Amino acid sequence: MDLETENRIAAILMKEAAELRRQAEKDGVSVYLNQPKPKVRPNSRFLTATVRGVQQANRAVEINEMWRVRQKELELDDRLKDRSKDQRSNGARAKRGRGAVGPRMDETGPYLPRGPNPKEELLTT
């Protein structure tokens, strides 16, 4: 219900209350007891259909929200998978040799000494 309609209903109720107050001051408390009672039965089919319509609309909103959350989860999973693929392809994980120790454990030996002519040093030793 919008604000304008609520204000109109509130104004009508305030007028009725003021009128009842004036009559009560003039005639006494019996005015409140002798108010005409509405003898109209509510339309049960209309109310049932309205409640069902609201429930169906709420259910549709919940289902849409569920699918939106599921889509976000799938996108997040895809992003995480892409990150892990990127990390693997960048070589972030260093390969390790078997049983070797130290900084050159990834490289195979024997190692040639560094110098201008490594073959001569290898022969002289």
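Arginine 68 and glutamate 65 join their side chains in a salt bridge, with 2.7 Å from N to O. That pair is a good way into this predicted model, in which a search of the whole structure finds 3 salt bridges. The protein is built from 4 helices and 0 strands, and just 2% of its 125 residues count as buried. Here is a tour, topic by topic.

**Overall build**

- Reading from the N terminus, the order of elements is α-α-α-α.
- The protein has an accessible surface of about 12,600 Å², and carbon and sulfur atoms account for 55% of that surface.
- With 2% of the 125 residues counted as buried, the surface is a natural place to look, and the topics below keep returning to it.

**Helix α1 and what follows it**

- Helix α1 covers residues 3–27, which makes 25 residues.
- At 1.5 Å a residue, helix α1 should span 36 Å, and its end C-alpha atoms are indeed 36 Å apart, so the expected and computed values agree.
- Glycine 28 comes just after α1 and takes a positive phi of about 110°.

**The salt bridge in α1**

- Which residue does arginine 8 meet in a salt bridge? Its partner is glutamate 4, at 3.2 Å from N to O.
- Both arginine 8 and glutamate 4 belong to helix α1, where they sit 4 residues apart, about one turn of the helix.
- Glutamate 4 has 51% relative accessibility; the cut-off for exposed is over 50%, so glutamate 4 counts as exposed.

**The salt bridges in α3**

- As a general point, side chains of opposite charge can pair when their charged atoms come close.
- Arginine 68 and glutamate 65 are separated by about one helical turn, because they are 3 residues apart in helix α3.
- Arginine 68 is partly exposed at 45% relative accessibility, and glutamate 65 is partly exposed too, with a relative accessible area of 37%.
- Arginine 70 forms a salt bridge with glutamate 73, and the closest N and O atoms of this pair are 3.5 Å apart.
- Why are arginine 70 and glutamate 73 separated by about one helical turn? The reason is that they are 3 residues apart in helix α3.
- Arginine 70 counts as partly exposed, at 40% relative accessibility, while glutamate 73 has a relative accessible area of 39% and is also partly exposed.

**A negative patch**

- Glu75, Asp77, Asp78 and Asp82 form a negative patch on the surface.
- Aspartate 77, one of the residues of this patch, lies in helix α3, which runs over residues 44–89.
- Is aspartate 77 exposed or partly exposed? Its relative accessibility is 38%, so aspartate 77 counts as partly exposed.

**A nonpolar patch**

- Ile63, Met66 and Trp67 make up a nonpolar surface patch, and together they have about 340 Å² of accessible area.
- Tryptophan 67, a member of this patch, has its place in helix α3.
- With 55% relative accessibility, tryptophan 67 counts as exposed.

How values were computed
Residues numbered from 1 in each chain as written. Predicted model: local features only at pLDDT ≥ 70, side-chain atom pairs only at ≥ 80, totals over all residues. Heavy atoms only, no water. Helix = DSSP H or I, 4+ residues; strand = E, 2+ residues; numbered from the N terminus. Expected span 1.5 Å × (residues − 1). Buried < 20%, exposed > 50% of the residue type's maximum accessible area, 1.4 Å probe, protein only. Areas by Shrake-Rupley, 256 points an atom, 1.4 Å probe, with all protein chains shown as cover. Patch = residues over 30% accessible without salt bridge, like charges linked within 9 Å, V, L, I, M, F, W, Y side chains within 5 Å. Salt bridge = Lys/Arg side-chain N within 4 Å of Asp/Glu carboxyl O. Lys, Arg positive; Asp, Glu negative; His and termini not counted. Charge placed at Lys NZ, Arg CZ, Asp CG, Glu CD.
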